[in-house]
Amino acid sequence: MVRKFDKPILVTKSFLPPLGEYIEQCKKIWDSHWLTNDGELCKKFVAESQNYLKVSNMVPFVNGHLALEIAIKALGLKGNVITTPFTFASTTHALINNGLEPRFCDINLNDFTIDSDIIEALIDENTSAILPVHVFGNPCDVAKINKISQNYSLKVIYDAAHVFGVEIDGVGIGNFGDVSMFSLHATKVFHSIEGGLLTFHDKDLERQFNLYKNFGITGPETVEAVGLNAKMNEFQAAMGLVNLRYIDDEIAARKLLAECYRDNLCDIEGINYLNDTAGVKHNYAYFPIIIDPQFFGITRNQLHEKLKEFNIYTRKYFYPLTTDYECYKNKYKADHLINSICISDKILTLPIYGTLTLENVFNICEIIKILKNTK
Ligand SMILES: *Cc1c(COP(=O)(O)O)cnc(C)c1O
């Protein structure tokens, strides 16, 4: 008999390591009496993260969003930038805050990332870059995007907030494009409470990124640029260092849960989900499903509400599209964003996190089955 969960099941639950291990790291902060501004823990965290992500250049930040804003500033982007509206607020806001015009490109239906076949049609003489998003941990079409960027001399900044640990044919995802921004927010697969990383090709960018993250200060009496304050602190680095010990276990646990979802949802008419891509090492950051009301009998919004009665709290990621936010309403043409609109209206993200059990997932799937056709 399927029944309501005793305690609320949320879409995610932040990973927390054994407290003693975190305290062990914090003791070093007391010993050094160094709390922020590129401390020893921060340096160690960068070295270990670089190794894990298989990248050669990395700068840490207080959060992913400011890292993205600083990447945009340091690359000196101008005019318009091609991006997608099927993302978190951060991606679009980062362009607007830097005085750039977002040119919205539709997504593809295979993995909800930017449709690389229609990027070229949006490029004009004022286009300076492409800002694609590796949505839900799915890599964009990096080969095609690379080719386009070379043909038109455009910069590429990937919003890699969702893809910590993802690899394509053994290559760390942070190696593609000019710059990639990883978010280490508490709700992400891997976190440092809050935090962000930029990985990049051109070693010379390191100086720029460090400049912008610390007010543009270059010496006790010199300020070279109008910078921000976006430095990662030692407590964040301490959490990151401890959590790195567990990231492989976390991803392995999520993989089993994703497989369990797929096994139990595959027979339900009107429910679709994404499968793994050959050659890609996934991180199972999210488990989105697409609800087709014509076959499932109820809409995404109805399922979202009805699941709450069973103490299951799903999220409509990404709804609304950023083009529909109050702050951007009627500012951008959106009628060409057919797939984005369609997916945004049908998508629902189910709970997935390392401490969720296979039994939990099985029960969630049973409840979804019961809710089919319940008008
Ligand atoms: C989380 C997230 C960000 C922002 O990261 P923060 O670390 O929270 O500032 C940017 N883009 C996407 C797609 C995200 O999910």
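Tutor: Let's begin with a definition: a salt bridge is a side-chain nitrogen of Lys or Arg within 4 Å of a carboxyl oxygen of Asp or Glu. In this predicted model, Glu-101, Arg-103 and Asp-124 are linked in a network of such bridges.

Student: How many salt bridges does that rule give here?

Tutor: The count comes to 17.

Student: What makes Glu-48 and Lys-44 a salt bridge?

Tutor: The closest N and O atoms of Glu-48 and Lys-44 are 3.5 Å apart. The cut-off is 4 Å, so the pair qualifies as a salt bridge. Both residues sit in helix α2 (residues 40-53), four residues apart, about one turn of the helix.

Student: Why is Glu-48 called partly exposed?

Tutor: Its relative accessibility is 32%. Buried means under 20% and exposed means over 50%, with partly exposed in between, so Glu-48 gets the middle label. Its partner Lys-44, at 39%, is partly exposed too.

Student: What makes Lys-369 and Glu-366 a salt bridge?

Tutor: Their side chains meet at 3.2 Å, N to O, and the limit is 4 Å, so this pair counts as well. Lys-369 and Glu-366 both belong to helix α12 (residues 358-371), where they are three residues apart, about one turn of the helix. Lys-369 is called partly exposed because its relative accessible area is 35%, a value between the 20% and 50% limits.

Student: Where in the chain do Glu-224 and Arg-207 lie?

Tutor: Here the salt bridge has an N to O distance of 3.3 Å. The pair links distant parts of the chain: Glu-224 is in the loop between β11 (222-223) and α7 (234-244), while Arg-207 is in helix α6 (residues 205-213), 17 residues apart. At 48% relative accessibility, Arg-207 is partly exposed, because exposed requires over 50%.

Student: Why is Ile-251 called buried?

Tutor: The relative accessible area of Ile-251 is 7%. Buried means under 20%, so the label follows. This residue is found in helix α8 (residues 247-265). Leaving aside neighbours within four places in sequence, Ile-251 is in contact with Tyr-52, Phe-164, Val-189, His-282, Asn-283 and Tyr-284.

Student: Is Ile-217 buried or partly exposed?

Tutor: Ile-217 is partly exposed, because its relative accessible area is 37% and the middle class runs between 20% and 50%. Ile-217 lies in strand β10 (residues 217-219).

Student: What makes Phe-215, Ile-217 and Val-223 a patch?

Tutor: A residue in a patch needs over 30% relative accessible area and no salt bridge, and nonpolar side chains are joined within 5 Å. Ile-217, at 37%, is over the 30% limit. Together, Phe-215, Ile-217 and Val-223 form a nonpolar surface patch with about 270 Å² of accessible area.

Student: Which strands are at the edges of the seven-strand sheet, and why are they called edge strands?

Tutor: This open sheet has the order β1-β9-β8-β5-β4-β2-β3, with mixed pairing. Its edge strands are β1 (58-61) and β3 (101-104), as each pairs on one side only. From one strand to the next the twist averages 25°.

Student: How do you know that β2 and β3 pair?

Tutor: Strand β2 (residues 80-83) and β3 share four bridges in the parallel sense. Two strands need at least two bridges, so β2 and β3 count as paired. Asn-80 stands opposite Glu-101 in β3. Helix α4 (residues 89-97) packs on the sheet, touching β2, β3, β4 (127-131) and β5 (155-159), and its direction makes about 140° with that of β3.

Student: What covers the faces of β1, and which strand pairs with β1?

Tutor: In a regular strand, side chains alternate between the two faces of the sheet. In β1, Met-58 and Pro-60 on one side and Val-59 and Phe-61 on the other are all buried, and both faces are covered. Four bridges join β1 to strand β9 (residues 196-200), running antiparallel, and Pro-60 has Leu-197 as its bridge partner in β9.

Student: What makes β6 and β13 a pair?

Tutor: Two bridges join strand β6 (residues 167-168) to β13. The requirement is at least two, so the pair meets it. One of the partnerships is Ile-168 with Val-280 in β13. These strands belong to an open antiparallel sheet of three strands in the order β7-β6-β13.

Definitions and conventions: Residues are numbered from 1 along each chain as its sequence is written. This is a predicted model: local features need pLDDT of at least 70, side-chain atom pairs count only at pLDDT 80 or more; totals for chains, interfaces and linings use all residues. Side-chain values use heavy atoms; hydrogens and water are left out. Patches are made of residues with over 30% relative accessible area and no salt bridge: like charges are joined within 9 Å, nonpolar side chains (Val, Leu, Ile, Met, Phe, Trp, Tyr) within 5 Å. Accessible areas come from the Shrake-Rupley method with a 1.4 Å probe; for residues, only the protein chains shown count as cover. Buried means under 20% relative accessible area, exposed over 50%, partly exposed in between (1.4 Å probe, protein chains only). Axes are lines fitted to C-alpha atoms, for helices over the stretch in contact, and angles run from 0 to 180 degrees between N-to-C directions. Contact means heavy atoms within 4.5 Å.
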